[in-house]
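Q: I have a new structure to look at and would like to learn how to read it. Could you take me through it feature by feature?

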Amino acid sequence: MIVETLRILSVDDEPGMRLGVARALGGFTVHLPDVGAEVGFVVDTAASGEEALTMIEASPPDILLLDHKLPGMSGLDVLERLANGDRDILTVMITAYASLETAVSATKRGAFDFLAKPFTPDELKVTIRKATRHLMAQRQARRLAEERRRVRFQFISVLAHELKAPLGAIEGYLHILKDRSAGDDPAVYDRMIERCLVRAEGMRKMIIDLLDLTRIESGEKKREFVEIDVREIAQASIETVRPEADARRITIGLHADAPVRMTGDRGEIEIICNNLLSNAVKYNRDGGRVDVTLCARDGMVVLTVADTGIGMTKEEAARLFNDFVRIRNARTKGILGSGLGLSIVRKLAGLYGGDATVTSEPDKGSVFTVTLKQEGPSRADVDGSCRTGAVAAAAG
Amino acid sequence: MAKVLLVDDDVDLVEMNQLVLAHRGHDVRCAYSAAEARELLSAERPDVVVLDVMMESELAGVDLVREIHARMPDLPIVMLSGIHRVKDAAERFAPHERDLPVIRFLDKPATPERVACEIEAILKDR
C-alpha cells in the first residue's frame with residue numbers, strides 16, 4: 001500500500017471559499033484499493049490567477065481547484081497559460097455560471113472536471129475523489145509503460161551484444177584467413193574454419209531460442225494439447241545428445257518404470273527436455289554421468305536431470321533462470337550457449353502450472369527439477385497469461 | 001618482440017589475437033577472466049595488456065584497468081569495446097583517467113591485425 005499525499009491548489013478570490021476548501025479537505029483521505037494507494041491532501045491557496053501561476057511555477061500542485069471568475073486574469077486564462085507547459089496537473093474548474101460555453105472552453109484547455117458554485121463539502125469530496133482516482137490510475141499506467149520500455153530496451157541491448165559476439169569471432173577469423181596473417185601452417189587455418197562453423201551454429205541456436213521465447217511469451221503460437229508420454233520424449237532428447245556425450249565418455253541413465261503421461265504440447269515438452277539434457281552434457285566433466293528421473297506425483301509430472309558437472313554457487317544459481325544469464329567463470333570458458341535455454345524452460349513450466357528449480361554445488365554437479373501439471377495448462381494459462389515478458393514487451 | 005597479456009572471456013577472440021601476435025613474434029599470455037588476469041600479472045609483468053571492457057560483468061573490465069593502472073602506472077593498456085560502447089566505456093572512467101596516455105580504447109570488432117598494429121605502435125612510442 002502506497003501512502004501518498006497530493007497537493008491541491010485552491011484558487012479563489014473569496015477568502016471564505018478558500019478557507020472552506022482547506023477545511024473540507026484537511027484530514028480527508030481517499031482509499032484506492034485497486035491502485036494500492038491511500039491518498040491524503042495538503043491544500044495551498046491563491047487569491048488570484050496571477051498569484052496561482054507564480055505558485056505553480058515555483059512548485060506545481062497535483063490538483064488545481066480553479067475558480068473561473070477571478071479579478072484580473074480569469075480561470076480560463078490561467079488554464080490557457082498552463083496548457084503550454086507539460087505539467088502533470090489535474091484541473092477542476094469551479095464556476096458559478098456552469099454554462100456550456102465555459103465547460104467547452106475549459107475542456108479544450110485541458111480541464112478534467114467541473115464543480116458548480118455553491119457546493120457542499122461532500123460534493124467537493126466526491127469531485128476530489130474522482131480526480132484523485134484518475135490521477136493515480138494515470139500515474140500507475142505511466143509507471144508500467146516506463147517499466148515495459150526499460151525491460152524492452154535492456155532485452156534488446158543484451159540480445160544485440162550476444163549476437164555481436166559470435167559475429168565478431170567469425171569476422172576476425174575470416175580476416176586472418178583472407179590475409180593469411182597467422183603463418184603457413186594449414187592446420188591453423190582449418191581450425192579457424194572449424195571455430196567459425198561452431199560460432200555460426202551457436203548464433204543459429206540463439207536465434208531459434210529467441211523465436212521459441214517470442215512464441216511462448218506472445219501467446220501467438222498455436223499450441224496443440226494431446227496425451228503425451230514424457231518418458232518417450234526424454235528418451236528422444238537423450239538420443240539427440242548421445243553423440244556429444246559418447247565423445248566425452250558421459251553416461252546417461254533414464255529412470256522411469258512406466259510411461260509418464262500428461263496433457264501437453266509435444267513441442268514444448270521437447271524444448272524442456274532438450275534444454276536440460278543439452279546443458280547436463282555441456283556443463284559435465286569428461287567421463288561424468290547424467291541421470292534423468294521421471295515420475296508422476298500428486299497430479300504433477302516431476303522431471304529431474306542430475307549431472308556430475310562443474311556446478312555453481314548459490315549466487316550463480318539464483319540468477320540462472322533469467323534471460324541471457326550465462327555463468328561466466330574459468331570453468332565455463334569455451335562453453336557456448338544462448339543464455340536463453342533455462343529462461344525458456346522456466347517460462348514453459350510456468351505455463352503448465354509448475355516450476356523449474358536447481359540445486360547445485362561447485363565442482364560436484366547440479367540437479368534441475370521441472371514440475372508440470374499432468375492435466376496440462378489451465379485455461380487461464382493457455383490464454384497467454386505470460387504476455388508480460390520481455391519479448392512480448394519488445395514486440396509490443 | 002613484446003610480452004602481451006590478452007584478457008577476454010570469449011575464447012575465440014583471445015585465440016585469434018594470440019595467433020596473429022605470436023606469428024608476428026610476440027610472446028603472448030592469455031587470461032579468460034579478471035581473476036586469471038590478476039594471477040598472470042602477479043607472476044610476470046607484460047609490456048602491454050589488451051582487454052575487453054565487457055567481461056563477466058559490465059564493470060569487471062573497468063575495475064581491472066583501474067587496478068592494473070594503480071599497481072603499474074606506466075603499463076600500457078588497450079581496451080577493446082563493442083561499437084557504441086567505446087564512448088560508454090570511456091565514460092566509466094573519470095576524466096583524468098580517460099586522458100591517461102597509457103590507456104587506449106579500440107572499437108570492436110578490431111581485426112587481429114589492427115590490434116597487433118596498435119600494440120606495436122604503442123611499444124614503438126616508448
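Q: For contacts in chain A with a separation of 6 or more, what share comes from residues 24 or more positions apart?
A: Happy to start there. This is a predicted model, and in chain A such residues account for 71% of the contacts with a separation of 6 or more. The chain holds 12 helices and 13 strands. Of its 396 residues, 36% count as buried.

Q: What confidence do the two chains have on average?
A: Chain A averages a pLDDT of 87, with 93% of its residues scoring at least 70. For chain B the mean pLDDT is 83, and 83% of the residues reach 70 or more. The model as a whole scores ipTM 0.87 and pTM 0.68.

Q: Where in chain A does pLDDT stay under 50?
A: Where pLDDT is low, the predicted coordinates should not be read in detail. One such stretch is residues 383-389 of chain A, where pLDDT stays under 50; the model has 13 contacts beyond four places in sequence for these residues. Another is residues 392-396 of chain A, also under 50, with 11 contacts of that kind in the model.

Q: How do I read a pair of helices, and at what angle do α1(A) and α5(A) cross?
A: Look at the angle, then the hand, then the residues that meet. Helix α1 (residues 15-25) and helix α5 (residues 121-179) of chain A have axes that come within 10 Å and cross at roughly 65°. The two helices are therefore roughly perpendicular, and their crossing is right-handed. On the α1(A) side the contact is made by A:Val21, A:Ala24 and A:Leu25, and on the α5(A) side by A:Pro121, A:Leu124, A:Lys125 and A:Ile128. By class, that contact has 6 nonpolar residues, 1 charged residue and no polar ones.

Q: Which residues of α2(A) and α3(A) meet?
A: Let's follow the same steps. The axes of α2 (residues 49-58) and α3 (residues 75-83) of chain A come within 10 Å and cross at roughly 25°. An angle under 35 degrees counts as roughly parallel, so α2(A) and α3(A) are roughly parallel to each other. Their crossing is right-handed. From α2(A), A:Gly49, A:Ala52, A:Leu53 and A:Ile56 meet A:Gly75, A:Asp77, A:Val78, A:Arg81 and A:Leu82 of α3(A). This contact has 5 nonpolar, 2 polar and 2 charged residues.

Q: Which peptide bond is cis?
A: Try the bond from A:Lys117 to A:Pro118, which is cis with omega near -10°. A:Pro118 sits in the loop between β6 (113-116) and α5 of chain A.

Q: What is the phi of A:Arg249 and of A:Asp298, and are these residues buried or exposed?
A: A:Arg249 is not a glycine, yet has a positive phi of about 55°. This residue lies in the loop between α7 (230-247) and β8 (251-255) of chain A, and is exposed, with 10 other C-beta atoms within 10 Å. A:Asp298, not a glycine either, has a positive phi of about 50°. A:Asp298 lies in the loop between β10 (289-297) and β11 (300-307) of chain A. With 7 C-beta neighbours inside 10 Å, A:Asp298 counts as exposed.

Q: How many residues does each chain give to the contact between chains A and B?
A: Chain B gives 20 residues and chain A gives 22. On the chain B side, α1 (11-23), α2 (34-43) and α6 (112-125) are the elements that give two or more residues. α1(B) gives the most, with 7 residues. By class, this side of chain B has 9 nonpolar, 4 polar and 7 charged residues.

Note on methods
Residues are numbered from 1 along each chain as its sequence is written. Chains are lettered from A and ligands numbered from 1 in the order in which they are written. This is a predicted model: local features need pLDDT of at least 70, side-chain atom pairs count only at pLDDT 80 or more; totals for chains, interfaces and linings use all residues. Two residues are in contact if their C-beta atoms, placed from the backbone, lie within 7 Å. Helices (H or I, at least four residues) and strands (E, at least two) are DSSP runs, numbered from the N terminus. Ala, Val, Leu, Ile, Met, Phe, Trp, Tyr, Cys and Pro count as nonpolar, Asp, Glu, Lys and Arg as charged, and the others, Gly among them, as polar. pLDDT is the predictor's confidence in each residue, from 0 to 100. Axes are lines fitted to C-alpha atoms, for helices over the stretch in contact, and angles run from 0 to 180 degrees between N-to-C directions. Angles under 35 degrees count as roughly parallel, over 145 as roughly antiparallel, 65 to 115 as roughly perpendicular and the rest as oblique. A crossing is left-handed if the near helix is turned anticlockwise from the far one by less than a right angle, and right-handed if clockwise. A residue is buried if 20 or more other C-beta atoms lie within 10 Å of its own, exposed if 12 or fewer, and partly exposed in between; C-beta atoms are placed from the backbone.
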